[in-house]
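Subject: Structure handover and notes

Dear colleague,

I am passing on the structure we spoke about, together with some notes on what came out of going through it. Please open it alongside this message, as the notes refer to residues throughout.

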Amino acid sequence: MDKMIRSLCGFCHSNCGIIVRVRDGKITRIEGDPENPVNRGYLCPKAQALKPMIESEERLKFPLKKMKSGFVKVSWDEALNLAADKLTHVRQAYGPESLVLCGGAPVTYVARDGFRQFMGVFGSPNFTGASNLCHVPRKVAFDDAFGGMPEPDLENSRLIIFWAGNPVNTTRFTGHASVDGFNRTISRAKERGANVVVIDPVRTETAALADEWVRPNIATDTALGLAMARTIIKENLYDRAFVEKWVIRFDEIKKHVEPLTPEWAEKITAVPADRIRELARLYATTEGAAIKDGNGLDMHSTGVDMVRTIVLLIALTGNIDNKGGNPFLPFVPQTPLPNVRSEKRSMGREQFPLFPAVPFPVVKERLMGEAPERPRAIIVHHSNPVLVQANRERTKQALEKLEFMMVMDIFPTATTELADLVLPAAADLEMVDYRAFSSTKGGFLALREKVVEPPGSARPVFEVEYGLAKKMGIEQNYPFRNAEEWLNFVLKPAKVSLDDLRREHVIYGSPAVVYKKYEREGFKTPSGKVECYSERFEKAGRQALPVFEYPKESPTARPDLAKKYTLCATTRRPAEFVHTKLVNLPTAGRIYPDPIVKLNASDASKRDVKQDDMVEVESRTGKIRLKANISEEVTPGLVTIDFGWGNPTDKKASINSLSPDDVWDPVSGGYPNRLFLCEVKKG
Ligand SMILES: Nc1nc2c(c(=O)[nH]1)N[C@H]1C(S)=C(S)[C@@H](COP(=O)(O)OP(=O)(O)OC[C@H]3O[C@@H](n4cnc5c(=O)[nH]c(N)nc54)[C@H](O)[C@@H]3O)O[C@H]1N2
Ligand SMILES: Nc1nc2c(c(=O)[nH]1)N[C@H]1C(S)=C(S)[C@@H](COP(=O)(O)OP(=O)(O)OC[C@H]3O[C@@H](n4cnc5c(=O)[nH]c(N)nc54)[C@H](O)[C@@H]3O)O[C@H]1N2
Ligand code: SF4
Ligand SMILES: [Mo]
């Protein structure tokens, strides 16, 4: 008889509910959990990879130590002794701040929290990883103005604007709110008569379902948004009562946008001025209009100001914390790990004072420049920086300069290849984990139950970090020794235990949404009001209000480069896998065997490129070979390149061999992985 275990998929932030059937310690079948409020039984095609991922022969099964002759298997005892010796030396020689933790997308809370507590007891505040490329650049802009990150109220909205996101293809998740699939969200919105607009330079799967697709030139959204703000103010469409009471320095905002006419924006964005006016009117006059910000805003050298412009539109129309707009949704309180950050200055804080982590360029440039206060050792957990940060070759060179590099992963990757010590991790479904979600009905928790044993001697991360702390003699104040104790510790403020979750699986831990909380409590900003006009940005050497600039790697800013590299490249994320994960599994590989570059028919014919030809794509940082796909999704002059490949398990081309790492957003350190110049040649 099969045992049925309720758990969660952890491939992407959605963390959908699953029911896993297990017989004799092996998974026999995985299906969607109809009682889980996140996905209500639906799973995306990626979930098919869960069983193959767990059972893959390519999994890391034993700790591996790098020797001159290559990697050799070692015992956990030897592995932890080696790590303890190296890290003790680094701490004594250079101080605790010389250790950096590099994390990836926090798709699960194990990914979010692994080795954080260790950093706390070690004494380093230096957390880096994918935060410069994902979500945090947006969070900086929202937090600064509103004192928090709101969520789109998708089910109550009369207008949803998907701004730089393609969630029909990629995600079911907003910041932390659950969504049962954006194709369903969009059809429900249309059924209740709401409008759906997509703002994207590419004709995406989400654009195909929308009522309206607005196509600005890539990375010109600040011009588009500022002209919308001007229209809203000029035509008296702003929420006067809200703005007067809650938005500081409105007169300066008005003055700032006054010259930024839709005609000015048309020249930059290629969106007709009248269309900009209409979009502004639609957004300002719809009661309960939501903007869903997307990851397309994060990886531009001008990304944070793009988001600040969106923030300005939300503020002017009073669509903050209201029904149908962008409310702050209830979330269950949890213990943050660790607390050392607030006590110590982190690396690069003077250069990036507004960013809550160490942007990856700080780590990389300090290593390349051999600055005295540079990282000496790194722990990489649940992340693949070599393939996800810009300029793969230079990321490699930087990481090779470290005295000690330890990587914990479930597969060999382009990053584990560089490590001195590789640690095999227990994967999702091989250890307990949980997820907190926000929703209008209340914040809730769901359990990712352990389903099977990890392969070989792979271990849950929390056991490993406690084991390492013990070897170093710094374990005295460690609040947990394993995953079960971690979960209980982190969920203490929610008054929920692992036993409670095992009994109920999903637990609501905070009441339903209350809109317009600011009327009672104000906003969580220094003035208690909305601070689109930001003194903090001004103090950090930026402008108090968002300003349009051409991206540093664009034809307008770099006409010299544009002579040789005549096309703009951006990223596409195939629906079959997440970042650099799953590409090696037969489930994804069969459906989507090769990375492709999509180009418009006119650009293809100019270069004599036919459908499925192999082409060479070159940028100023590298050259890769891809399969050409001729597509009307992209306009002339723009190409999309798939993101995900490049690990030793797939041996295919990585887009980030092409993205440049000598420009970044001055506030977030976001690399221009979403826009760089390239040329495509047949052959
Ligand atoms: N050009 C370009 N670059 C991009 C992007 C883009 O769109 N275009 N997107 C960016 C974005 S949004 C993000 S979030 C980042 C993603 O950056 P990362 O999160 O660093 O990328 P992933 O490929 O998801 O790497 C996760 C690693 O964790 C490993 N892993 C999986 N499960 C486990 C586990 O249970 N335990 C441990 N220890 N390891 C595990 C996987 O094998 C994989 O090697 O990439 C960014 N880079
Ligand atoms: N299948 C799959 N699912 C995933 C992931 C994955 O890699 N694969 N990754 C997960 C992660 S970590 C994340 S962050 C989410 C991301 O999910 P989303 O936030 O929905 O982001 P994307 O789907 O990458 O879509 C970004 C869109 O922004 C557009 N864009 C790029 N530049 C600009 C610009 O300058 N202006 C405008 N207006 N649009 C622009 C791109 O053309 C693209 O269509 O997906 C998650 N889910
Ligand atoms: S959306 Fe797909 S990949 Fe993401 S958690 Fe749900 S089933 Fe897994
Ligand atoms: Mo991401």
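What follows goes from the overall fold to the three ligands and then to a few individual residues.

Please keep in mind throughout that this is a predicted model.

Overall fold

The protein contains 26 helices and 23 strands. Its radius of gyration is 24 Å, close to the 26 Å that the globule rule gives for 683 residues, so the protein is as compact as a globular protein of that length. Along the principal axes, the C-alpha trace extends over about 70 × 60 × 55 Å, and 63% of the 683 residues count as buried.

Ligand 1

Ligand 1 is surrounded by 30 residues, and the closest of these are Ala105, Asp409, Arg573, Thr580 and Asn656. By class, this shell is made up of 13 nonpolar, twelve polar and five charged residues, and at least three of its residues come from each of domain 2 (64–134 + 333–508) and domain 4 (559–682). As for individual contacts, a polar backbone atom of Ala105 lies 2.8 Å from an oxygen atom of ligand 1, and a polar backbone atom of Asn384 lies 3.0 Å from an oxygen atom of the ligand. On the nitrogen side, an N or O atom in the side chain of Asn673 is 3.1 Å from a nitrogen atom of ligand 1. On its own, ligand 1 has 910 Å² of accessible area, of which the protein covers 96%.

Asn384 deserves a further word, since its surroundings can be described from the protein side as well. Asn384 sits in the loop between β12 (377–381) and α17 (385–388), and it counts as buried, with a relative accessibility of 6%. Its side chain is joined to that of Thr580 by a polar contact of 3.0 Å, and Thr580 is itself among the closest residues to ligand 1.

Ligand 2

Around ligand 2 there are 31 residues, the closest being Thr170, Asp200, Asp221, Arg573 and Arg674. Arg573 is thus named among the closest residues for ligand 1 and also for ligand 2. Domain 3 (140–328) and domain 4 (559–682) both contribute residues to this shell, so ligand 2 lies between them. Helix α6 (residues 167–170) gives the most to the shell, with three residues, and by class the shell divides into 14 nonpolar, twelve polar and five charged residues.

Three contacts of ligand 2 can be listed:

- A backbone N or O atom of Ala164 is 3.2 Å from an oxygen atom of ligand 2.
- An oxygen atom of ligand 2 lies 3.0 Å from a polar side-chain atom of His300.
- A polar backbone atom of Pro574 lies 3.1 Å from a nitrogen atom of ligand 2.

Taken alone, ligand 2 exposes 930 Å², and the protein buries 96% of that area.

Ligand 3

Eleven residues surround ligand 3, and the closest are Cys9, Cys12, Asn15, Cys16 and Cys44. By class, this shell divides into seven nonpolar, two polar and two charged residues.

Two buried aspartates

Asp433 belongs to strand β15 (residues 433–437) and has a relative accessible area of 1%, so it falls under the 20% cut-off for a buried residue. Its side chain makes a polar contact of 2.6 Å with the side chain of Arg448, and it also reaches the backbone nitrogen of Val110 at 3.4 Å.

Asp603 lies in helix α26 (residues 601–606) and is likewise buried, at 3% relative accessibility. The C-alpha atoms of Asp603 and Pro636 are 6.1 Å apart, although 33 residues separate the two along the chain.

Backbone angles to look at

Most residues other than glycine have a negative phi. Ala219, which is not a glycine, nevertheless has a positive phi of about 60°; it is found in the loop between β10 (212–214) and α9 (221–234) and counts as buried at 3% relative accessibility. Leu429 likewise has a positive phi, near 75°, and lies in the loop between β14 (421–424) and β15, where it counts as buried at 0% relative accessibility.

With best regards

Note on methods. Residues are numbered from 1 along each chain as its sequence is written. Chains are lettered from A and ligands numbered from 1 in the order in which they are written. This is a predicted model: local features need pLDDT of at least 70, side-chain atom pairs count only at pLDDT 80 or more; totals for chains, interfaces and linings use all residues. Side-chain values use heavy atoms; hydrogens and water are left out. A residue is near a molecule or strand if one of its heavy atoms lies within 4 Å of it. A polar contact is a pair of N or O atoms within 3.5 Å; within protein, one must be able to donate a hydrogen and the other to accept it, and residues adjacent in sequence count only if both atoms are side-chain atoms. Accessible areas come from the Shrake-Rupley method with a 1.4 Å probe; for residues, only the protein chains shown count as cover. Ala, Val, Leu, Ile, Met, Phe, Trp, Tyr, Cys and Pro count as nonpolar, Asp, Glu, Lys and Arg as charged, and the others, Gly among them, as polar. Domain bounds come from an automatic or database domain assignment. Helices (H or I, at least four residues) and strands (E, at least two) are DSSP runs, numbered from the N terminus. The radius of gyration is taken over C-alpha atoms; the globule rule is 2.2 Å times the number of residues to the power 0.38. Buried means under 20% relative accessible area, exposed over 50%, partly exposed in between (1.4 Å probe, protein chains only).
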